[in-house]
Amino acid sequence: MAKTLLEMKHITKTFPGVKALDDVNIVVEEGEIHALVGENGAGKSTLMSVLSGIYPYGTYEGDIVYNGEVCQFQNIKDSEAKGIVIIHQELALVPLLTIGENMFLGNERGKTSKIDWAETFSKADELLHLVGLKDSSHTLIKDIGVGKQQLVEIAKALGKNVKLLILDEPTASLNDTEAKHLLDLLLEFKKQGMTSILISHKLNEISYVADKITVIRDGKTIQTMDKTKDSFAEDKIISAMVGRSLTDRFPKRTNQHIGDVFFEVKDWCVDHPIFDGIKVCDHVNFNVRRGEVVGISGLMGAGRTELAMSIFGRSYGANIRGQIFLDGKEVSFPDVKTAINHHVAYVTEDRKGNGLILTEAISRNTTAAKPEKISSHAIIDFDKEREVAKHYVREMHTKCAAIEENVGNLSGGNMQKVLLGKWLFADPDVLILDEPTRGIDVGAKYEIYCIINKMVEDGKSVIFISSEMPEILGMSDRIYVMNAGRMIAELSKEEASQEKIMSCIINSDKK
């Protein structure tokens, strides 16, 4: 019989006006991969923050029993001393430091007064080898991709003699190949006796690696499923997560009429802002009609985000050239404000870094893109601002204590709803969505899909960028495939499939 490594008993955690966790219980056995699933705001990350000491003992009710011992962690160092290491969705790496320096930051090799750099980089290289990363430990973090950075975080955890590894949405920013490598790594660690807790909204990945699944809904434990006894069917997991069955993952549109071409980009070229001679967009052409969702598919690094940002007020890139047409007339967006004034909006993939002001209230964030709509003579009418915020909180079903709550306190899915509300308030005719459902649960995804459908039913034009092919296929009326900065294919909804898209990418690489 497997040994119980962790038991969290009757955990209750309250924030001002919100009970985030309500008598939550979870049991994790030694050497298993235990998945934690639930809608955004269900309490998953909060529970793991309690376990890791981010929320110290005394700020919550209940008990943590780890390896047979009742633990009262006061900070993250206390939990790490026991071998509990958490890797957050937003990676805690310093871009301008080397891989080796990052791996032992706060856990330095050497004596109290002097770091042993030879040991640091030698040990770092050993750990990188264990996670299958061939880059030198002397490489700067900024010079490796997100997938490799995720592996650096895992290697960093191994350097702390991890026994229980907690991963919060580890594959949210990874392509399929990188995600598969990371999941296989977890399975390999499991063979070596390591225990993992995995938070993820990607149910296919959970089914692939997890031994057990605990579902949390509205801060309460709903059930724990065991692979040896229960079916891990996605419909069953979703029903437990959202409290109802989702018969159709992608809502059908009604009253849709696709009109004439409304937004068009011709011969669009963008150079890399730092490295000379590298084109991130190479003579790109595409268009979107009124009342149409146009998907842009491609692997990570294909240039999709760079394309979107360069179009939206030249937010990215150098030596940008090409033409943009809006309703048949050529226009130019030299800056973001001009793009907004032409009723073009861009929902960034980086909601925390570029999309929202985390230290400001929901109300202020909601009106940030178009403050003149609630102002008179440059003076903000705060009553109007509050009414606008209340409207979008209702429309988006955003879970929050109040509209005065700082956006940084919300879960990822609820942040995303505030970000969408911000841009809908700007009255866009063209909405560019860049990974709008990254890191959010199936219930919140469904609500965002409904918002997209409502926009195109109202005659708006939507450009939909996503790394999730089922999402691209389920939501798009037409799909462009992008690779290495070029548009390599245009597919109708009827002819598009995952196999067809991947075939286009693979064949373009051979040319």
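**Exercise 1. Establish what covers the buried residues of α8, which residues these are, and what follows the helix.**

What covers the buried residues of α8 includes β3, α7 (203–209), β11, β12 and α15 (442–457). The model under study is a predicted one, and the solution begins from this helix. Helix α8 spans residues 234–242, and its buried residues are I237, I238, A240, M241 and V242. The step after the helix is G243, which follows α8 and has a positive phi, near 80 degrees.

**Exercise 2. Work out the strand order of the open sheet of 6 strands and identify the strands at its edges.**

Step one is the order, which reads β6-β9-β10-β3-β11-β12, and the pairing in this open sheet is mixed. Step two concerns the edges: β6 (84–87) and β12 (220–226) each have a single partner strand, so one side of each is left without a neighbour in the sheet. Step three is the twist, for which neighbouring strands of this sheet are turned by 15 degrees against each other on average, with direction ignored.

**Exercise 3. Describe the pairing of β3 with β10 and with β11, and decide whether the residues of β3 are buried or exposed.**

Begin with β10 (residues 195–199), which pairs with β3 (residues 33–37) in the parallel sense over 4 bridges. Along this pairing, I33 stands opposite S196 in β10, while the bridge partner of L36 in that strand is I199.

Turn next to β11 (residues 212–217), where the pairing with β3 is again parallel and runs over 4 bridges. Here H34 has K212 of β11 as its bridge partner.

For the last step, take the burial of the strand, in which 5 of the 5 residues of β3 are buried. Both faces are covered, with I33, A35 and V37 buried on one side and H34 and L36 buried on the other.

**Exercise 4. Determine which strands helices α5 and α6 lie across, and at what angles they run.**

Helix α5 (residues 146–158) lies across β6 and β9 (164–168), and its direction makes an angle of about 170 degrees with β6. Helix α6 (residues 176–191) lies across β3, β9 and β10, running at about 135 degrees to β3.

**Exercise 5. Lay out the open sheet of 4 strands and characterise the pairing of β13 with β16.**

The order of this open sheet is β14-β13-β16-β17, and its pairing is antiparallel. At the edges stand β14 (279–289) and β17 (329–331), each of which pairs on one side only. Neighbouring strands of this sheet are turned against each other by 15 degrees on average, direction ignored.

Within the sheet, β13 (residues 261–271) and β16 (residues 318–326) pair in the antiparallel sense over 6 bridges. One of the partnerships here joins D271 to A318, the latter lying in β16.

**Exercise 6. Describe the second largest pocket by its volume, its lining and the elements that supply this lining.**

The volume of the second largest pocket comes to about 1100 Å³. Its lining is made up of 40 residues, of which S45, T46, N409, L410 and S411 lie nearest the centre of the pocket.

To trace the lining to its elements, note that β2 (18–29), α1 (44–51), α11 (351–355) and α14 (412–425) each supply at least two of its residues. Helix α1 gives the most, with 5 residues. By residue type, the lining of this pocket divides into 14 nonpolar, 15 polar and 11 charged residues.

**Exercise 7. For N161 and D427, state the sign of phi, place each residue in its loop, and compare its accessible area with the cut-offs for exposure.**

A general point comes beforehand: most residues other than glycine have a negative phi. N161, although not a glycine, has a positive phi of about 55 degrees. The place of N161 is in the loop between α5 and β9. With a relative accessible area of 58%, N161 is classed as exposed, since exposed residues are those over 50%.

D427 is likewise not a glycine and has a positive phi of about 55 degrees. D427 sits in the loop between α14 and β21 (430–434). Its relative accessible area is 38%, and D427 is therefore partly exposed, because this class lies between the limits of 20% and 50%.

Definitions and conventions: Residues numbered from 1 in each chain as written. Predicted model: local features only at pLDDT ≥ 70, side-chain atom pairs only at ≥ 80, totals over all residues. Heavy atoms only, no water. Pairing = 2+ DSSP bridges. Axes fitted to C-alpha atoms, helices over the stretch in contact; angles between N-to-C directions. Contact = heavy atoms within 4.5 Å. 1 Å grid on protein atoms, 1.4 Å probe; cavity = no way out; pocket = protein on both sides within 12 Å on 5 of 7 lines; lining within 4 Å. Points joined across faces, edges and corners; volume = space filled by probe spheres on them. Nonpolar A, V, L, I, M, F, W, Y, C, P; charged D, E, K, R; others polar. Buried < 20%, exposed > 50% of the residue type's maximum accessible area, 1.4 Å probe, protein only.
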